[in-house]
Amino acid sequence: MTETGAVVRTGFVDRVEHMDELRSLLAEVAEGRGGRAIVVDSVSGMGKSALLQAFETEAAASHEQGACRVVSVRCQPSIGSALHYGGIVDLLLQLARDQEVKQPGVFRRLLSFTGQGVVRSAPEVLSAIVPGLGALFTVGKEVAEASLASGSMPFDSLLPFQQGAAAQIVDALLDLVRQGPPTVVLIDDIQHGDPSSLLVLDRLLRRLPGEPLGLVLSHTTDGAYVDGPGSTIEDLLHDWAKDGLLRRRVLNGLPEDAVAELVRSRHPEAPPTLSQQLSRLTAGHAVFVTLCLEEWSPDAGPTVELPNSLSRVVEERLRLLTEPDRELLMIGATQGETFLSRTVADVKGAPHDEVMERLRLIAAQHRLILPAQPPGWARLDASDCYRFEHSALCGVVYDQQTPQQMRSRHARIATALTTGPMDGMPLERRLEIARHLRNGGTECLLASAEVHYGLARDAAMEGLSFAEAERHCEEVIKAVRDLPQQEESRDQWLVQAVELLLSLTEVRWRGQHQPAGGPDIDALAAEAEAAARRCCSPELAIRTTLLRGKTLLATQGLVPSLDKLRAAVELAEQHGDPVPLFVARVEYGRQVSKRRLADGLAQLREAERMYASDARLGGTSDPVLQHARNLGEMQLGITLYDSGQLSEAEARLSRCVQRLRDEPLKAELPIALNYLAQVHMGLGAYEDAEEVLGEALAFEADRGGDSGWHAYNKALLAHLLIQQPAKRGRALELIADAWAETERTWLANLVPIVRNLYAEILLLAADEPGELLDQADRLAVATCVETQRSGMIRSEIAAHSLRSRILLRRGDTVGAQEQARQAVRILDEVGDMPALRTEEVLYHSAVVLAAGGLREAASALLQRARREIDRKAEQVSDDLSRDRFRTRVPLNNAILHGEGFDQ
C-alpha cells in the first residue's frame, strides 16, 4: 500500500446507495455498534477509489474532531503483493500518529526516515509498535537462518511464528483503535494486497464483532477469473463472505442522472442530449465517460464517439508529441505508472536537466502525466517524479514498444535503480529492481536469480512471510532453468532455490505431486538432487537426498521414501560430519518406525547417544539441532510405548513435555502432548489424558490457523468422550471438525489415523445398523485403498480390523471374518506397529471368528491378546499403575475377561 500510484480522476457523482451504506457503517461505529466489514467490487475504472475518497472527505467534514476517524491505505499495484506486511505497516503507522500526542516521541522515529533516507523495514516498525513481536521475529529469524544453513528445514515448526505474529499484530492494532475514537479503515485495491497482510486481515475480520472498528475494502475484479492473477484474492473474499465475515457490494456503471451531473460539472455549456449519448454508449463506465468528456469540445455539439479502445484515445494524444518526447514517456511507462526523471534520463542516456525540463513541459501541455510525490524509497533521490493520469493510459504507452525494446529498457532501469549494494537497500527498491530484472530478458537471468533468492530468504527470515518467499523462489527457479547449462553457478542456485521452496511448501503437501496451485514437488526434489551431484558437494548431496525422501513420502509412499532416507544416512556417515548425520538419522528413525518398530527404536537410540556424547550436537543452541532433538526425543518416547515399554515411555514424554513448555517457541509441544496423552490413555489415566489434550488444543487455538496435529488432538479427545454416553453429541461434533481440519491440512502420516479414529467413533456411536455404520465403513474402505499406495501398514491393519467389527454389527459374519483374517495376516507379517495396539487387533478378530463358530482359532487369538497384556503389564514399574492398566482400560479388561467371546 502506498501514498503514490495513479488513480483514475473520474470525479465523484451519485453512488447514493453505496454512500448510504458507508455512512451507515460509520454511524454504527460512532455509536458503539461497530464490528462489520464491506467489500466494494467492480471492474477497473468504475470509480471505487473516488467513492472511498469522497466518503473519507465527507466523514472528515461532518464529524466533530475526536468523535470518529477514517483511516485509509492503498495497495501498491506493481510490488504490493510482494511487500510483506506493507498494508498493515501503513495502517499501524497512521493509527500510531494519533498516539503521538499522548506519548510524545514513542512513534515519531517510525514516522520519518533514517539519516540515510531509508524507510524502516516492516519487521522494525512492527516490532516497535507491537509488544513482544520483536522477540518473536528474532527467534524466528534465528531458526530460519540456521535452517537455511543446515539444509534441514523445520518450516513445519516455523509456521506457528507467522500465525503468532499475525495474532500479536491484530492485538496491537485493536489496542490502538480502542485508545482512539471509533474508527473506519478503508483499504483500496485489496487485489494488490500481500499475503502477510491478508493473513493479519483474516484474523482481524474474525475479531471484528464488538470492536469500535469498521472495515471497507475495494476490490477490482478484472483478474478474478479461475487461475487469473486475482483468483487468490477472489477466493479469499468469497470464503470471508460465506463465513459471514463481510458483505460484498457491486459498483456498476454510473446511472443516467449521475452521468448528467458529471457532464454539467465538466462542461456546463453542453447540450442535454450529450449526457444521454454518453450513458448509452459507455453504459456508465466511469473511465470511458471521463475520456469521452476530455475529448469533447463545444463545437462537436451533442455528438460523441465511444472509442473502440482506450488505445485509440491515447494514440491520438501521443501523436501530438515529438518523437523524442514519446520515447521519454515509453521509458517512463516501462518503469511503471509512477516513474522518476532520473531513471528516464539514465535509460535514455540524456542529461538529467534536459529530461526534467521536457517532462515538465509534457505535464503542463498535454493530458498524459502529472507531477507526483516520489515513493518512499526514492524520496532522497535527486529526481522529479511523475505519474500517468491513469493505469490504462500507462498500459497503452507501454505497448507502443517492441518486445525487445521492452526487455532492453527493463534491463537498463534495473541497472539505473541499483545505485549501491542490496544489503541495507529498502525492500521496496529491491522489489522494483527485481521486477525489472524479471522482464529484462536473457541478459538479466543470473542477476534476477540472485536478487529474487535474496528477497526469498529475507521474506522468510526477516518477516516470516512465507507466501512471498515462495513466489520469489519460483522466480529463481524459472530464471536458473533458462540459464545455459555451462553457467558455473547454475546448479548451486537451483539447489538453494528448490530446497527453500519445498521447505516453505512442505506444510501443504497433500500426498500428491502438486499441492494446490504449487509445483511438482518430487520432480523439483529430483532436479535438485541431480544438480547437487553435479556440484560434487557432499553437504548438498546429503541435504537434497534427505529432501527427496520427504517428497517421496508425500507422493509415492513410505517404502520408496525409506530407501532415500536411508541413503541420506549412509551419505552422512561417509561424510563424517555429525550434524547432518544426526538430522538424517532422526528423520529416518521417525519414518522407519512406521514400518519396523525395532529399526526405528535402534536409529532413535543411536541419535540420542550421539546428541549426549558429541559436544558439536548437545553443546550448541543451534535451533535446527534443537528441533531435530525435540522430534527425536518425543518419537523415541512414543516408539517405546508402541513397543510395550509403557512406564519408560511415560517418564520420557513427561520430561520432554515439561522441557518444551519452558521453551520460548514451543513449536513441537502439541505433538509431544499428543504422544503423552496416548500413553496416559494406554495406562488408563483418562483424566490426565483429557487434561493434556485440553492443553494442546488451547495452545493451538491461541496460536491460530489450521494444524494437522490440532486435528489429531481433537480426534483423540473425541475418542475419549465417546466412551461417556452423556458426551456422545460433543464427541461427534469434535471428530467431524477434526476430520474437516485434517482434510484441509492433509499431513500424509496423520490422515489415515484420524480417518480411522473417525470410523471407530461412528462405530461406537451407532446403536443399530444405519447411516453411522455406513459412513464408518466408507471411511475404513477409503483408508484400505489409500494405504495400498502410501505404505502406511499400521493404518491398513487398523482399517481391516475396523471393517471386521462394522460388518459383524451389520450381520455379515462371512465378510467380517475375511477382514479379521486379513488384519491378523498383515500383523503377523510385520509385527508390532506404531499407533496400533496388537492386542486390540487380536481381540476383535477373536470376537469375529467366535461369532462365526470358529472357536478354536478364536481362542488362540484371545490367548495371544492376553499374552500381550501380560507382557506390557510387566513393563509397568509400579503396582498402582499396573493394576489400573489391567482393570481400568476397557479393552484390557475385556480381553482378560473374554467379553463378547460367547456372543
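The legends below walk through several close-up views of a predicted model.

**View 1. Five strands form an open sheet with parallel pairing.** Reading across the sheet, the strand order is S2-S3-S4-S1-S5. Strand S2 (69–74) and strand S5 (247–250) sit at the edges, each pairing on one side only. From one strand to the next, the twist averages 20°. As general background for this view, strands of a sheet pair through backbone hydrogen bonds, either parallel or antiparallel.

**View 2. Edge strand S2 runs parallel to its partner, strand S3 (residues 183–188).** Six bridges join S2 to S3. If you would like a pair to look for, Arg-69 stands opposite Thr-183 in S3. Arg-74 also belongs to strand S2. Is Arg-74 buried or exposed? With a relative accessible area of 11%, Arg-74 is buried. Its C-alpha lies 5.5 Å from that of Ile-187, although 113 residues separate Arg-74 and Ile-187 in sequence.

**View 3. Strand S4 (213–220) is largely enclosed by the rest of the structure.** How many of the eight residues of S4 are buried? The count is eight of the eight, which is why S4 is described as largely enclosed. Leu-213, Leu-215, Leu-217 and His-219 point one way from the strand, while Gly-214, Val-216, Ser-218 and Thr-220 point the other way. The residues on both sides are all buried.

**View 4. Strand S4 pairs in the parallel sense with S3 and with S1.** Five bridges link S3 and S4, and Ile-187 stands opposite Leu-217 in S4. Six bridges link S1 and S4. Here the bridge partner of Ile-38 is Val-216 in S4.

**View 5. Helices H2 and H7 meet strands of the sheet.** Helix H2 (residues 48–62) packs on the sheet, where it touches strand S1 (37–42), S2, S3 and S4. The direction of H2 makes about 155° with that of S3. Helix H7 (residues 195–207) lies across S1, S3 and S4. The angle between H7 and S4 is about 135°.

**View 6. Helix H15 (residues 352–365) has its buried residues on the same side.** The helix has 14 residues and reaches 20 Å from its first C-alpha to its last, close to the 20 Å expected at 1.5 Å a residue. Buried in H15 are His-352, Val-355, Arg-358, Leu-359, Ile-362 and Ala-363. They cover an arc of only 135° around the axis, so they lie on the same side of H15. What do the buried residues of H15 pack against? Their neighbours are helix H13 (323–335), strand S6 (338–340), helix H14 (341–348), strand S7 (369–371) and strand S8 (385–388). On the face turned away from the buried side, you will find the exposed residues Asp-353, Ala-364 and Gln-365.

**View 7. Cysteines appear here in a structure that holds zero disulfides.** Why does Cys-536 have no bond to Cys-535? The closest cysteine sulfur to that of Cys-536 is in Cys-535, 7.7 Å away, and this is too far for a bond. A disulfide would need the two sulfur atoms within 2.5 Å. Cys-536 counts as exposed, because its relative accessibility is 67%. Cys-784, by contrast, is buried, with a relative accessible area of 10%.

Note on methods. Residues numbered from 1 in each chain as written. Predicted model: local features only at pLDDT ≥ 70, side-chain atom pairs only at ≥ 80, totals over all residues. Heavy atoms only, no water. Pairing = 2+ DSSP bridges. Helix = DSSP H or I, 4+ residues; strand = E, 2+ residues; numbered from the N terminus. Axes fitted to C-alpha atoms, helices over the stretch in contact; angles between N-to-C directions. Contact = heavy atoms within 4.5 Å. Buried < 20%, exposed > 50% of the residue type's maximum accessible area, 1.4 Å probe, protein only. Expected span 1.5 Å × (residues − 1). Arc of directions from axis to C-beta.
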